[in-house]
Amino acid sequence: MVSRILVPHDGTEMSDRALSKATEFAKAMKSEMVIVHIVDSRFVPPSATLGFISDRTSLEGAKTELVRILKSGAEQMLKEKMAKVKADGISVDFILGVGSPAEEIVTIARSTGSDLIVMGSRQLSKAGLGTLGSVARKVSETADCPVMIIR
């Protein structure tokens with residue numbers, strides 16, 4: 001039985017597809033859902049931006065401010081996604097994290113006791129025969145629960 005489904009969402013159409021599929025499963029299995037978004041802390045401002053920052057303290061301050069802005073936007077996006085899921089009668093919560101996306105997704109899946117991860121994957125080939133995106137691949141290799149990857 002699947003009691004909790006974790007759905008990583010990065011704001012893309014592929015993540016919307018995964019959320020739709022997870023919603024179908026949650027309704028059928030009477031499962032709870034957790035929608036998660038990870039702000040990638042490994043982000044480094046473009047080199048053109050770095051030229052305007054005079055010292056390391058300013059760089060860290062700029063990075064902190066950028067992460068704050070990204071988290072704020074992600075929180076609004078997640079609340080909108082949650083409202084749609086709740087409208088289908090599904091118990092849902094969201095978690096907003098900061099770090100390496102694949103590692104954080106797996107950690108959150110463990111800490112929430114998720115039984116299934118449903119996530120989208122960016123296809124890396126235009127011919128449609130490409131490999132999985134790096135986040136989906138790493139999650140599928142390291143998660144303790146089944147991972148369904150939607151394309």
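Helices and strands here are DSSP runs, helices (H or I) of at least four residues and strands (E) of at least two, numbered from the N terminus. With that in hand, K30 is found in the loop between α1 and β2. The model is a predicted one, and the exercises below walk through it.

**Exercise 1. Describe the backbone and the surroundings of K30.**

Solution. Start with the backbone: K30 has a positive phi of about 55 degrees, although it is not a glycine. For context, most residues other than glycine have a negative phi. Next, take the accessibility. The cut-off for exposed is over 50% relative accessible area, and K30 is at 73%, so it counts as exposed.

**Exercise 2. How many helices and strands are there, and in what order do the elements run?**

Solution. The protein has five helices and five strands. Reading from the N terminus, the pattern is β-α-β-α-α-β-α-β-α-β.

**Exercise 3. Lay out the sheet, and find which strands stand at its edges.**

Solution. Begin with the order: the five strands make an open sheet, β3-β2-β1-β4-β5, with parallel pairing. Now look at the ends. β3 (92–99) and β5 (147–150) each have a single partner strand, so one side of each is left without a neighbour in the sheet. Neighbouring strands are turned by 20 degrees against each other on average, direction ignored.

Then zoom in on one pair. Strand β1 (residues 4–8) and strand β2 (residues 32–40) run parallel and are joined by five bridges. Within this pair, P8 has V36 of β2 as its bridge partner.

Finally, add helices. Helix α1 (residues 13–29) lies across β1, β2, β4 (116–120) and β5, and runs at about 170 degrees to β1. Helix α5 (residues 134–142) also packs on the sheet, where it touches β4 and β5, and its direction makes about 165 degrees with that of β4.

**Exercise 4. Is V7 buried or exposed, and what is it in contact with?**

Solution. First, place the residue: V7 is in strand β1. The cut-off for buried is under 20% relative accessible area. V7 has 0% relative accessibility, so it counts as buried. Its contacts, leaving aside neighbours within four places in sequence, are A18, L19, A22, M33, V34, I35, V36 and V118. As a last step, compare sequence with space: V7 and I105 are 98 residues apart along the chain, while their C-alpha atoms are separated by 9.0 Å.

**Exercise 5. Which residues have the most contacts inside the largest nonpolar core, and which elements supply it?**

Solution. This core has 18 residues, and I5, M33, I35, V85 and V118 have the most contacts inside it. Two or more residues each come from β1, α1, β2, α3 (56–87) and β4. Take V118 as a case: beyond four places in sequence, V118 touches I5, L6, V7, P8, A18, A22, M148 and I150. There is also a second, separate core of 15 residues, with I38, A102, A109 and C145 among them.

**Exercise 6. Characterise the crossing of α4 and α5.**

Solution. For the geometry, the axes of helix α4 (residues 101–112) and α5 come within 8 Å and cross at roughly 40 degrees. The crossing is right-handed. For the residues, α4 contributes P101, A102, E103, I105, V106 and R110, and α5 contributes V135, K138, V139 and T142. Sorted by class, that contact has six nonpolar, one polar and three charged residues.

Technical notes: Residues numbered from 1 in each chain as written. Predicted model: local features only at pLDDT ≥ 70, side-chain atom pairs only at ≥ 80, totals over all residues. Heavy atoms only, no water. Pairing = 2+ DSSP bridges. Axes fitted to C-alpha atoms, helices over the stretch in contact; angles between N-to-C directions. Contact = heavy atoms within 4.5 Å. Core = buried A, V, L, I, M, F, W, Y, C linked by side-chain atoms within 4.5 Å. Buried < 20%, exposed > 50% of the residue type's maximum accessible area, 1.4 Å probe, protein only. Left-handed = near helix turned anticlockwise from the far one by under 90°. Nonpolar A, V, L, I, M, F, W, Y, C, P; charged D, E, K, R; others polar.
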